[in-house]
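Here are my notes on the model, set out as numbered points. They can be read with the sequence and the structure side by side.

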Number of protein chains: 2
Amino acid sequence: MNILTEKSSTTLKSTVWRKTCFLSEFSEKAASAACLMGWLHDRALVPDPTFGGIVLRITLRDCSGLRDFVVTTKPFIDLLSTLEYESVIAIKVLGKEILDVKILARAKPAIFSPKVITDFSTIDLVVHRPLAIRTERMKAVLRVQDQIFTSARQFFHKEGFCELRPPILSPATDPGIRGAIGADVNFYGKKYKITTSMILYKQMAICSLEKVYAFSPNVRLEPVKTRQTGRHLAEFCQIDVEQAFINYHDAMALAERLLVAILSDVKSNCQKELKLLERSLTIPTRPFKKLTFQEALNILSKAGFKQLQQRKELPWEAEKMLSNTFDEPFWVTEFPYGSRGFYDRQDPNRPAVLRDFDLLYPAGFGEAISGSEREYLYPRVKKRMLEQGLPLDEYSWYLDMLQHGVPPSAGFGLGLERLTRYICGLENIWEATAFPKVPGVHSP
Amino acid sequence: MNILTEKSSTTLKSTVWRKTCFLSEFSEKAASAACLMGWLHDRALVPDPTFGGIVLRITLRDCSGLRDFVVTTKPFIDLLSTLEYESVIAIKVLGKEILDVKILARAKPAIFSPKVITDFSTIDLVVHRPLAIRTERMKAVLRVQDQIFTSARQFFHKEGFCELRPPILSPATDPGIRGAIGADVNFYGKKYKITTSMILYKQMAICSLEKVYAFSPNVRLEPVKTRQTGRHLAEFCQIDVEQAFINYHDAMALAERLLVAILSDVKSNCQKELKLLERSLTIPTRPFKKLTFQEALNILSKAGFKQLQQRKELPWEAEKMLSNTFDEPFWVTEFPYGSRGFYDRQDPNRPAVLRDFDLLYPAGFGEAISGSEREYLYPRVKKRMLEQGLPLDEYSWYLDMLQHGVPPSAGFGLGLERLTRYICGLENIWEATAFPKVPGVHSP
């Protein structure tokens, strides 16, 4: 791995160096010189009797962590004691001795350096993400998320699902996004939306592959006030799953297997990260507890929640309270007819209820998964759309598709950032992704 | 896997059935009855002496393929001989005998059913995607793409890269997209764009994790005329890769290992699909052939290409011709200063060239990968931006980040759909994804 000599930032003779190892791999016992590259994280001038006088202790940071070095040579002390934190440097080291130092990129004084960040709830973490992302805490979160990606894929591969490249723009997308606004785009003269949910597309794909999933990019411009919930982003990723010829009980069982697989992998493969995040994971036992919507309402009204509407979804405060009463993930099933999107299938035998479900995380973390059996027969979908006052012409491709043999199916969406937030035990969801977009906040 | 009794479409007594196996698993020797669910793909009334008279031969289709069944019972013959193609049915079968038939979803007459599709170059495949996606050919392509996802992830995991959830919207994104327009979105009162390239974000992420990648959703509203190239989509996915402390030669070597890993996996795991697509894959030998931009120009002018501009990228016709002269993927490196985005690093020792590269597929498939070493020092990036007349204020977060210690790095983007197109040997790129958006075409 050559790195280039950067005349403009070379302080010593120009030589082509190589990053021979990461800090975590560096051994003071090594017989040959190692070249380490990273960020100047911390520094202190300290008296050191063994070297007879003042030496400079520096903390170097790279993707593998932090490590202290002692600089004893005058020119290197002069060079590094005036250098700003977060500057990128290369040091050539033999055992305890620093043979050479090179500055690769000088930093300006940072008001918000990783070294000083202690409050992880502040929105500054979003606005100053280029610095906040460098903290050991963010690294741990992102490595856990990487494991979530890996585990989910391995799970779906094992269960015979096919991964799809999700749609980004749609002429018509899920209207059932409480309170949020979709983002419009002019697509060659027609108004398209950034996909807010790929349910309609999943129904298209199962006509070919029967078992499909995707990591679907969703944009929902939530009201600015939702920022306080700590669990709303304006853009996020859904693990979107659909399977033909199954019912909503099968879909819930599938989701339980998926979640347990991910949690188990993270628990065994991300011990270092969980320790740093001071999070201990318990693997929930399957099957998860199931509450019907009606049972949930009863618990809530007993708890003193007033005017909960029978035909509405639960307000997030109620969801949070409910979530606080459990210590393992649990289902709320069979939402009332009229409370959800046209695609949630009405129970043929119990017209008042939908064959759908939400999964809630315990301990106040709230909604994890939302899913259902789908309405798949043209006349029924059309009836539902008209009841909800939706413009049929916008859904013309979908309504036409339903007249070409769409099978019964069920599926769900699992929010990647909310899962990351739950697993890592984060207060705010904007900690749960590398590049968060928070409602009303202008950030990178 | 229960499926629900659908009163409205039940033609026999309502019983809850299960899809006990896929067509490919069905064995006529099985001792117990199997329930198969799928689509009525084809049908023919044929004389059959063994049954003494006319019988109905139906072809059932599911995700695993096609299978013929012979219907001999009068009521079932009557039921199925009038049913439209693409209707979804369930049949209970014991050995060769059909015990029961249920219609799950009736289809209307299809002008464009999977059974009749022969021309795979027509744009109808995009407009009628809900039907076109059901063909055996589309299934094969999508299964190959699933393997590409899996192989890429396994490769990056093995090499210690961390997967990121990519940005969807950006206040500033890559301006260097030849001829295409980005899609604007009103993000809480500010003009954001759907990301056209996440290079700036990758540079942010390597300050934390050093080795990162993402499956990045990109929207580029290409000119309508680009449709004829067969390789431009208005939305697509890039396998976006970046690593700190490496140079452009290291990045090319990384890309070669990635490509060879994917091709090898597809070749060994997707034999059935490649056979159906009549595609034989050869695994290229590393290192791939390297042409400098100047050498490429010489080949092209010898081949009679007139007025090729020294400071411009190659027009796609030239790229295609060049691609046709090789039978393995090959690099074009060191594009002239002034021809590419501000982030392609200028060679400190040879100011006329950039330390960047494109990979081209052979046999006319054209561009595969585009990448470079990055400019990472604030004064140099600012100079480049000003030269290109870019509004610095739009890039304020990025320019600020560059003053906080961004390391030298190199990376690239590998187009998922173009890779799928090359591997599957497809004429048009809109065959290479489940839900294609083609410039100027209004489709699902």
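1. Cysteines. The sulfur of Cys35(A) lies 8.6 Å from the closest cysteine sulfur, that of Cys21(A), which is too far for a bond. Cys35(A) is also buried, at a relative accessible area of 4%. For Cys162(B) the closest cysteine sulfur belongs to the other chain: Cys270(A), at 9.7 Å, again too far for a bond. Cys162(B) is buried as well, with a relative accessible area of 2%. A disulfide is a covalent bond between the sulfur atoms of two cysteines. With a cut-off of 2.5 Å between the sulfur atoms, the count over all chains is zero disulfides. Please keep in mind that this is a predicted model.

2. Relation of the two chains. How are two copies of a chain related in general? They are related by a rotation about an axis and a shift along it. Here, a turn of 180° with a shift of 0.0 Å along the axis lays chain B on chain A, with an RMSD of 0.0 Å. The two copies are therefore related as by a two-fold rotation axis. The copies meet through the same surface, because 100% of the interface residues of chain B are also interface residues in chain A. Within chain B, the residue that comes closest to the rotation axis is Val185(B), with its C-alpha at 3.2 Å.

3. A three-stranded sheet. Chain B has an open sheet of three strands in the order 9-11-10, with antiparallel pairing. Its edge strands are strand 9 (169-170) and strand 10 (184-187), each of which pairs on one side only. Strand 10 of chain B is joined to strand 11 (residues 190-194) of chain B by four bridges, and the two run antiparallel. Asn186(B) stands opposite Lys191(B) of strand 11 in this chain. Strands of a sheet pair through backbone hydrogen bonds.

4. Helix 5 of chain B. Is this helix enclosed or open to the outside? Eleven of its eleven residues are buried, so helix 5 of chain B is largely enclosed by the rest of the structure. The buried residues include Lys202(B) and Gln203(B), alongside Ile199(B), Leu200(B), Met204(B) and Leu209(B). Helix 5 of chain B is followed by Glu210(B), a residue with a positive phi, near 65°.

5. Backbone angles to check. Most residues other than glycine have a negative phi, and most peptide bonds are trans. Glu210(B) has a positive phi, near 65°, although it is not glycine. Glu210(B) sits in the loop between helix 5 (199-209) and strand 12 (211-219) of chain B, and it is buried, with a relative accessible area of 1%. Ala363(B) is another residue other than glycine with a positive phi, near 60°. Ala363(B) lies in the loop between strand 16 (356-361) and strand 17 (366-373) of chain B. At 48% relative accessibility, Ala363(B) is partly exposed.

6. Cis peptide bonds. In chain A, the peptide bond from Arg286(A) to Pro287(A) is cis, with omega near -10°. Pro287(A) belongs to the loop between helix 7 (271-276) and strand 14 (289-292) of chain A. In chain B, the bond from Arg286(B) to Pro287(B) is cis, with omega near -10°. Pro287(B) is in the loop between helix 7 (271-276) and strand 14 (289-292) of chain B.

7. Arg231(B). Which side chain does the side chain of Arg231(B) meet in a polar contact? The partner is the side chain of Glu319(B), at 2.9 Å. Arg231(B) lies in the loop between strand 12 and strand 13 (235-244) of chain B, and it is buried, with a relative accessible area of 6%. Beyond its neighbours within four places in sequence, Arg231(B) is in contact with several residues, among them Trp316(B), Phe365(B), Glu367(B), Arg418(B) and Arg421(B).

8. Ala368(B). This residue is in strand 17 of chain B and is buried, at 4% relative accessible area. Leaving out residues up to four places away in sequence, Ala368(B) touches Leu359(B), Leu360(B), Tyr361(B), Gly413(B), Leu414(B) and Gly415(B). Ala368(B) and Asp78(B) are 290 residues apart in sequence, and their C-alpha atoms are 53 Å apart in space.

Technical notes: Residues are numbered from 1 along each chain as its sequence is written. Chains are lettered from A and ligands numbered from 1 in the order in which they are written. This is a predicted model: local features need pLDDT of at least 70, side-chain atom pairs count only at pLDDT 80 or more; totals for chains, interfaces and linings use all residues. Side-chain values use heavy atoms; hydrogens and water are left out. Buried means under 20% relative accessible area, exposed over 50%, partly exposed in between (1.4 Å probe, protein chains only). Two strands pair if DSSP finds at least two bridges between them. A polar contact is a pair of N or O atoms within 3.5 Å; within protein, one must be able to donate a hydrogen and the other to accept it, and residues adjacent in sequence count only if both atoms are side-chain atoms. Contact means heavy atoms within 4.5 Å. Copies are superposed by least squares on the C-alpha atoms of residues with pLDDT of at least 70 in both.
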